[in-house]
Each structure stands twice: as structure tokens, then as C-alpha cells.
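Notebook open, coffee poured. Today I'm going through a structure and jotting down what I look up as I go.

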Amino acid sequence: MGRYLLLCALVFVAPSLRAAEFDPKPIDEAVTKALKEFDAPGASVVIVKGGQVIYLKGFGVRAKGKEDKVTPDTVFPIASCSKAFTATALAMLAEDGKLKWDDKVHDHLDYFRLSDELADREVTLRDLLCHRTGMPRHDALWSGLSTDGGDVIRRWGRATPSTSFRSKWEYANVPFTTAGVIAGKLDGSDWASVIKNRIFKPLGMERSSCTWKEGSAPPDHATAHYYGFDKSVTAIGWDEIDHAGGAGCINSTARDMGSWLQFQLAGGKFDGRRLITERALKETHTSQMLFIPQDPFIVYFPPKVTRFTSYGLGWFVHDYRGANCVSHGGTLTGFRAQCMLVPEKKIGVFVLCNLRPSYVCESVCKTALDALLELPAEDWVTFYKSQLKRLDFVVASAKEKRTASRKPDTKPSLPLKDYAGAFEERAYGRAEVIYENDKLMIRWGKYTFRVEHYHFDTFTAIPVEPKDDVISFDRSTFDVQFRLGTNGEVQSMRFFDQEFRRAKK
């Protein structure tokens with residue numbers, strides 16, 4: 001248990017607060033217990049109340065099996081918590097008169113197009129930032145296929161919608177990539193420059209950055225870790241996703257995020273200087289689109305403490321045990337971050353952790369809010385440990401069901417070599433099915449898959465390259481279904497839930 005004990009005990013308590021008004025012990029205990037229960041290497045925590053940083057600590061280690069401690073200045077990716085920065089930057093540009101929330105997107109970025117005719121004609125900046133375009137994530141486009149932000153935006157726009165325009169909340173990353181590109185264009189720079197000049201510099205966020213190379217360059221940076229389905233914890237490389245931009249590319253520290261919390265809770269002021277009007281900032285905290293928390297989001301909004309849920313502009317807007325709250329989480333392959341604000345009480349919490357999947361951040365944030373709001377204590381670590389077990393139970397059950405559904409003693413309709421060839425999809429591009437040594441392989445984007453027969457003309461694609469990436473696919477199953485034409489030849493291939501048509505020879 002020794003390595004889970006508190007390794008860095010740096011605490012800042014505002015002089016105006018009496019010690020009796022804030023007891024750090026429940027937070028210390030929650031973090032220490034969470035690191036132990038989730039087998040997480042480290043975490044960093046900042047809490048703001050009444051305009052002051054009242055808690056700032058690092059726990060555990062930067063890399064499993066090593067001695068370097070996590071400090072309040074250890075750099076972590078904050079992933080999708082970056083979305084609130086992008087929304088705030090657009091609010092600042094709106095105040096400058098360079099945009100309006102209800103401007104049409106294509107008026108600011110002419111190559112942004114959607115496959116749904118109505119959505120393409122009417123989609124606004126507001127629609128992008130509250131997830132109501134009718135488009136799902138299609139995250140494979142930026143995580144595996146393209147490293148060019150503009151190309152990803154174009155491809156995403158050509159992809160298949162999941163619902164009709166503005167009818168349903170549908171979380172997606174590319175809309176925020178798009179918003180970031182627009183912010184940079186209107187500023188005459190790029191997204192990263194806007195964030196640095198308009199937010200980082202005024203807030204004194206000196207250790208914060210917008211690219212993975214900048215984030216992983218300082219010696220005091222956290223190592224990413226993946227919690228495997230077999231309960232192993234493996235150190236992995238940082239995700240190289242700079243092309244995602246405004247969707248999730250900020251790296252920061254607990255100390256720097258304390259300034260961000262102060263700025264948000266002060267209605268746009270920091271250190272006596274107003275950076276944005278309270279009205280403009282509040283628009284990002286205001287409900288724009290209702291949504292019903294379902295998997296995977298229900299775990300973050302447990303029914304026992306949540307009565308309403310909605311999305312603002314880069315923020316979830318909801319209640320927490322009767323208090324109005326704005327929050328956001330962030331996930332990359334080996335990291336998790338969570339931010340929770342109660343603006344009316346001037347309370348904010350930000351937690352960073354170098355393990356995914358884990359619920360260290362959620363456990364600590366909710367424990368901290370319970371203490372700060374003087375609510376009856378909940379054992380959130382135990383609750384979220386059960387949720388992680390549930391996640392793996394669901395994965396195991398799905399794998400068992402798939403195994404049981406397999407029809408025995410079937411064979412492919414054709415010799416394996418006849419399935420080889422090139423297949424194309426308008427957004428997902430080209431996939432190559434290769435026949436070598438009496439086996440099939442698929443190459444798509446940066447990934448290579450080994451293809452094994454399941455039953456009939458359905459196969460299982462097993463990721464094998466790149467090795468640093470595929471370790472995190474152990475909870476995923478990739479089906480490949482070949483479809484034959486009336487001539488008995490392969491006509492198409494369903495892969496990534498998309499229909500790839502066989503390319504003409």
C-alpha cells in the first residue's frame with residue numbers, strides 16, 4: 001500500500017478562510033483510496049472556493065514502478081475538458097463582433113459540409129458547440145485515418161448521420177475541431193494561438209499547451225497508462241492528436257487549472273482584470289440542448305444525484321444533489337480528467353489522473369463537492385469501483401454472447417483469396433483486404449488487422465499494428481461482413497459499421 005500513500009502534501013489555504021471551514025482530510029482519503037482501488041499510478045487535484053485556491057495537491061507517481069512523484073505542476077492532457085476553452089474563445093470572438101452564435105458554419109468555413117441537406121443548409125456555430133448536428137462521433141476518422149484537421153472535417157461531413165438535425169443530442173468531437181479552426185481563422189492565427197493569447201497568458205497558465213509534443217516535453221509530465229481487460233496496468237505513449245485541435249488537445253496542470261476555475265467562477269474576471277463579460281461567459285454555461293444520460297454517460301450522471309441533464313456550449317449543465325452544476329470530463333487512451341463547477345456557490349474542482357479506464361477523477365470530484373456543499377458523505381470510490389466492474393461485466397457478456405451466437409461448422413462462401421481487394425467508403429476512404437500465406441489481413445489508415453473467420457461470410461478483425469495503439473482495443477470487437485452480388489462475387493464489406501464498396505478494377 002505504500003506507493004498509494006500521499007506523496008506530495010502541498011496545500012494552499014486562503015488566508016481569509018479559517019481552517020475549520022475546510023477540512024482537507026476527506027479529499028486526501030478519497031484520492032488515496034481511489035488510487036489504491038483503481039490501481040492508478042497518480043493524480044493531481046485543485047479545489048477553488050470563494051475565489052481562492054483552497055486545495056492543491058499531487059498524489060502518487062508519474063509512471064507506474066518509478067519514483068517520480070506527481071506534483072501540482074505535473075502536466076497531464078485534459079482531453080475533452082478542452083471543449084470549454086474552445087467555447088470560451090468563441091465567446092470572446094463574439095464579443096469582438098467577429099461572430100454570432102447563430103451564424104451559419106459554412107459562412108465562416110466554406111469547406112464545412114454535411115451529408116444531410118437540411119443540416120448542411122442550417123447548421124450554426126451554436127449547433128456545433130451543443131452537439132445537435134445529428135452526426136455521431138466517427139472518431140476513427142481522426143484517431144486512425146487522417147492527421148490533417150481540415151481533411152477530418154471534410155470526411156466527417158461526408159459520413160452517415162445517426163439522427164435527424166437538431167432532434168437529438170449526439171456527442172461528437174469534430175464539431176469542436178471545426179469551431180477551433182474557425183476561431184483561428186477569425187483571429188488571423190490558429191486555434192492554439194487563440195487559446196494561448198486569449199486564455200493561457202492572461203490567466204498565467206505558464207505550463208499549459210496545445211500540442212502533445214509541448215505537453216510531453218517538460219520533465220514533470222505524467223505517463224499515460226492503460227487498464228487492461230485482464231486487469232493489467234501498462235504504460236503507453238501519449239495520443240498524438242494535434243489535428244483534433246479544439247476538441248481535446250490542451251495539456252495542463254492542477255495549478256494552472258486552478259486559475260481556469262477562478263476565471264470561470266468569477267464570471268470572466270481574473271486578478272482584477274475582466275477578460276470577457278459575465279453575460280457572454282454565462283451563455284456557455286446555459287442549457288442549449290437537453291439529453292438523457294445513457295451508456296456511456298449515465299455513469300457520470302448517476303440517477304441518485306442527478307435530476308436533470310443538458311448541454312451548454314462546451315459544458316454539461318445539470319444538477320448535483322440539488323445544486324446547479326456545470327461540468328465536463330475528458331478521456332484519452334491513458335488519461336482521464338474531470339472538472340465540476342457550482343457557480344452559485346463559487347466552488348470548483350478539477351482532477352487529473354494518468355490511468356484509463358478508471359473513475360478516480362469522478363470519485364474525487366463528487367467527494368469534494370459533498371464536503372464543500374456540506375452534504376451527507378457518499379462513498380464514491382466504492383460506487384465507481386462497482387461501475388468499472390459493471391463495464392467489464394458488460395464487455396465480457398457481449399463477448400460470451402458473440403461466441404455463443406457463432407454458427408458452428410460453417411465456411412466462407414468463397415476461397416479466401418477471392419475476398420482480397422480494395423474497398424472504398426466516401427468518408428472512411430480506402431481499406432485494403434490482403435491475402436497472404438492463406439490468411440486475410442485488412443489495412444486501413446494507420447491500422448493493420450488480422451482477419452479470422454467467424455461464420456458464413458462474417459469475420460473478426462483483430463488489430464495487430466501499431467502495437468502501441470492496439471493494446472487499448474482489448475474491450476472492442478471489430479466485425480467484418482462481406483456481401484456478395486448476384487454474380488457470386490464480393491460486392492461490399494461492412495467494417496467499422498460502414499459500408500465499403502468494392503473498388504472498380
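My entries below cover two helices, some ring contacts, and the holes and pockets.

**Entry 1: before starting**
I remind myself that this is a predicted model. Every value I note down is computed from that predicted model.

**Entry 2: helix α13**
I started with α13, which covers residues 360-372 and has 13 residues. From first C-alpha to last I get 18 Å, close to the 18 Å expected at 1.5 Å a residue. Next I asked how many residues of α13 are buried. The tally is 12 of the 13, so the rest of the structure largely encloses this helix. I wrote down the buried ones: V360, C361, E362, S363, V364, C365, K366, T367, A368, L369, D370 and L372. Charged residues are in that list too, including E362, K366 and D370. After α13 comes E374, and I noted its positive phi, near 55 degrees.

**Entry 3: helix α14**
Then I moved to α14, residues 380-405. This helix has 26 residues and spans 37 Å between its end C-alphas, close to the expected 38 Å. Which of its residues are buried? I found W380, V381, F383, Y384, Q387, L388, D392, V395 and R402.

**Entry 4: charges over rings**
I came back to two of those α14 residues, W380 and R402. What sits over the ring of W380? The charged end of K366 does, 5.9 Å from the ring centre. K366 is one of the buried residues of α13, and W380 is one of the buried residues of α14. As for R402, I see it over the face of Y454, at 4.1 Å from the ring centre.

**Entry 5: aromatic pairs**
I searched the whole structure for aromatic pairs and came away with 43. I picked W238 and F335 to look at: they are edge-to-face, with 5.4 Å centre to centre and 75 degrees between the planes. W238 is in the loop between β5 (233-236) and β6 (251-252), while F335 is in strand β13 (residues 335-342), so this pair ties together parts that are 97 residues apart in sequence. Are these two buried or exposed? W238 is buried, at 12% relative accessible area, and F335 is buried as well, at 2%. I also logged a cluster linked by ring pairs, made up of Y428, W444, Y447, F449, F473, F478, F495, F496 and F500.

**Entry 6: cavities**
How many cavities of 30 Å³ or more are there? I count two. The largest has a volume of about 70 Å³. W238 turns up again here, in a lining with P77, T211, W212, D239, I241, D242, G248, C249, N251 and L332. By class I make that six nonpolar, three polar and two charged residues.
The second largest cavity comes to about 50 Å³. I listed L114, S115, D116, A119, T133, G134, M135, P161, T163, S164 and F165 around it. That lining splits into five nonpolar, five polar and one charged.

**Entry 7: a pocket**
Last stop was the second largest pocket, which holds about 380 Å³ of space. It has 18 lining residues, and the closest to its centre are K282, H285, V326, P343 and E344. I checked which elements give two or more residues to that lining: α11 (254-265), α12 (278-284), β11 (316-320) and β12 (323-332). The class split for this pocket is eight nonpolar, six polar and four charged.

Notes. Residues are numbered from 1 along each chain as its sequence is written. This is a predicted model: local features need pLDDT of at least 70, side-chain atom pairs count only at pLDDT 80 or more; totals for chains, interfaces and linings use all residues. Side-chain values use heavy atoms; hydrogens and water are left out. Helices (H or I, at least four residues) and strands (E, at least two) are DSSP runs, numbered from the N terminus. The expected span of a helix is 1.5 Å times one less than its number of residues. Buried means under 20% relative accessible area, exposed over 50%, partly exposed in between (1.4 Å probe, protein chains only). On a 1 Å grid over the protein atoms alone, a cavity is a set of points where a 1.4 Å probe fits but cannot get out, and a pocket is an open set with protein on both sides within 12 Å along at least five of seven lines; lining residues have an atom within 4 Å of a point. Grid points are joined across faces, edges and corners, and a volume is the space filled by probe spheres set on the points. Ala, Val, Leu, Ile, Met, Phe, Trp, Tyr, Cys and Pro count as nonpolar, Asp, Glu, Lys and Arg as charged, and the others, Gly among them, as polar. Rings of Phe, Tyr and Trp (its six-membered ring) pair if their centres lie within 6.5 Å; planes under 30 degrees apart count as stacked, over 60 as edge-to-face and the rest as tilted. A charge sits over a ring if NZ of Lys or CZ of Arg is within 6 Å of the ring centre and within 35 degrees of the ring normal.
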